[in-house]
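This report describes the fold of one protein chain, starting at one end of the chain and working outward to the whole. The sequence and model are shown below.

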Amino acid sequence: MTDMELYGLRASDFGAGFTWGVATASYQIEGAWNVDGKGPSIWDTFTHRRRWPLPTVRSGENGDVACDFYHRYRDDVTLSWSLGFGAKRFSISWPRVLPMGVGRVNAAGLDFYSRVVDACLENGLDPWITLYHWDLPQALQDRGGWANRDIVGWFSDYARVVAERLGDRVKRWMVFNEPLSFCAGGYLIGAGAPGIFSRQKFLASVHHVNLCQAAAAKVLRDKVANAVVGTTHVTAPVKATGDSARHLRAQRSLDALLNRVYIEPNLGLGYPTNDCGLLRPIERYILSDDERAIQVDFDFIGAQYYTRVSAPPLPIPLVGTLPRRDQDFRRYEINVLGNTTQPEGIYEALERLHSYKRFPSIVVTENGTSVPDDLEGDRVYDVRRIDYYRRHLAQVLRAKGDGMPIDGYFCWSLLDNFEWAEGYVPRFGLVYVDYATQKRVVKDSGYWFKQFLSV
Ligand code: GCO
């Protein structure tokens, strides 16, 4: 075996009630994009379209087949169990359940998720469901998608359909996966579906998503006995690149845009428009009762951490999220996506969420990395991934030791999968997927987790 050293880390040190899980998302693994009555999603449209002169996805790939989880879910769920995990986080594809987004329910689609839930329970895995991980029904995008305020009703109805069918067995729910990524990524910088570049549509989508957080949480609580309801955010600590007032202003502005705008309205703190000019026109989308309707007391908050970002004082704040060849690049390792590996950042992200003093429980709902993985025989010696997990877990334990209410940790991801606009090149799995044959090979990091979870 490669380096299986645990360096003194033991899962048991995180406490008996701590949840250990693996996370996945519907579009990234399911495939079966047009099977059994599923309607098209915005990611089907986006990946099938060419955007001159380049394809929307770097390599022209798509999620039509992905990991074929739709047909292989039983084995993949059993695999999660065999690695020692106790929970499985997965998302529901809205257009698989409601092909047109509203109206007619596709029984075959709902049945599929019901079978996945049963497979989890049979394997002793607690199912944690994310209602929305970016695959909006195309039919709703045709009506404006997240930029149309009607989506608050559409999304609530969808939440109701799913909760009524699965709520007897599923108690842990997350409303959204990373609003930042699909609002800014989809409507402001066009890097992901639906590929729109519009400040107006971006701001409208942010506000509607925030309203949906509260509306869907209410539906889940109404429909599911003993529901534990949360949501997830990508939490990127933002560093200033200097000490001057200009640098600090840039830091505050980017932090408002990347983090606060998705968290604070739900806490009744309003929008951080004073710190970020780009956000100011959001006011035009706020109606009289919204301030009250938007508030929600989540039972837990999901923290997703990959890296810190830096905020150079430039007129276009988002440029700060792009990897820059500054000192950090000399100091830290870089992964396949170009992100620097900064384990202390996860501590800061958790500390930041904790500082709101409003979240009774914090769960790391995603953390992981993509390193160059090579299949050698039937082994993948992903020492760098093991090292990444070890160093991040040590920081999570430190945060817990410092009194933060951290109750769980989910690896991103169980399987290598479709990494959105980056296609299949970046691999994030504990399990290698040979896409040509759909063969699964547990990587050394998977074996490392199995050992870690056993002590
Ligand atoms: C996200 C998503 C995942 C990604 C993962 C790796 O955070 O972007 O939740 O779908 O695949 O983060 O980039």
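The buried residues of helix 15 pack against strand 1, helix 14, strand 12 and strand 14 (439-442). The model is a predicted one. Helix 15 covers residues 444-453, and seven of its 10 residues are buried, so the helix is largely enclosed by the rest of the structure. The buried positions are Asp444, Ser445, Gly446, Trp448, Phe449, Phe452 and Leu453.

**Strand 1 and its neighbours**

Strand 1, one of the elements packed against by helix 15, spans residues 19-23 and is mostly covered, with five of its five residues buried. Burial applies to both faces of strand 1: Thr19, Gly21 and Ala23 lie on one side, Trp20 and Val22 on the other. Strand 1 runs parallel to strand 12 (residues 406-412) and is joined to it by five bridges. Within that pairing, glycine 21 is placed opposite phenylalanine 410 of strand 12. Strand 1 also pairs with strand 4 (residues 87-91), again in the parallel sense, through three bridges. Here alanine 23 stands opposite arginine 89 of strand 4.

**The barrel**

Which strands form the closed barrel? There are eight of them, in the order 1-4-5-6-7-9-11-12, and their pairing is parallel. On average, neighbouring strands of this sheet are turned by 25° against each other, direction ignored. Another pair in the barrel is strand 5 (residues 126-132) with strand 6 (residues 172-176), held in the parallel sense by four bridges. In this pair, threonine 130 has methionine 174 of strand 6 as its bridge partner. The strand pairs described here are set out below.

| Strand pair | Sense | Bridges | Residues opposite each other |
|---|---|---|---|
| Strand 1 and strand 12 | parallel | five | glycine 21 and phenylalanine 410 |
| Strand 1 and strand 4 | parallel | three | alanine 23 and arginine 89 |
| Strand 5 and strand 6 | parallel | four | threonine 130 and methionine 174 |

**Helices on the sheet**

Helix 5 (residues 107-122) packs on the sheet and touches strand 4 and strand 5; its direction makes about 170° with that of strand 4. Helix 14 also packs on the sheet, where it touches strand 1, strand 9 (300-305), strand 11 (362-367) and strand 12. The direction of helix 14 makes about 165° with that of strand 12.

Helix 14 (residues 383-401) has a helical partner as well: helix 13 (residues 344-355) packs with it at an angle of about 35°, and their axes are 8 Å apart. The crossing of these two helices is right-handed. Helix 13 contributes Glu344, Ile346, Tyr347 and Leu350 to the contact, while helix 14 contributes His392, Gln395, Val396, Arg398 and Ala399. By type, the residues of this contact are five nonpolar, two polar and two charged.

**The chain as a whole**

The chain contains 15 helices and 14 strands. Its C-alpha trace spans about 60 × 55 × 50 Å along the principal axes. The radius of gyration is 21 Å, which agrees with the value near 23 Å that a compact globule of 455 residues would have. Of the 455 residues, 62% are buried. Among contacts with a separation of 6 or more, 77% are between residues 24 or more positions apart.

Terms used:
Residues are numbered from 1 along each chain as its sequence is written. This is a predicted model: local features need pLDDT of at least 70, side-chain atom pairs count only at pLDDT 80 or more; totals for chains, interfaces and linings use all residues. Side-chain values use heavy atoms; hydrogens and water are left out. Axes are lines fitted to C-alpha atoms, for helices over the stretch in contact, and angles run from 0 to 180 degrees between N-to-C directions. A crossing is left-handed if the near helix is turned anticlockwise from the far one by less than a right angle, and right-handed if clockwise. Contact means heavy atoms within 4.5 Å. Ala, Val, Leu, Ile, Met, Phe, Trp, Tyr, Cys and Pro count as nonpolar, Asp, Glu, Lys and Arg as charged, and the others, Gly among them, as polar. Buried means under 20% relative accessible area, exposed over 50%, partly exposed in between (1.4 Å probe, protein chains only). Two strands pair if DSSP finds at least two bridges between them. The radius of gyration is taken over C-alpha atoms; the globule rule is 2.2 Å times the number of residues to the power 0.38.
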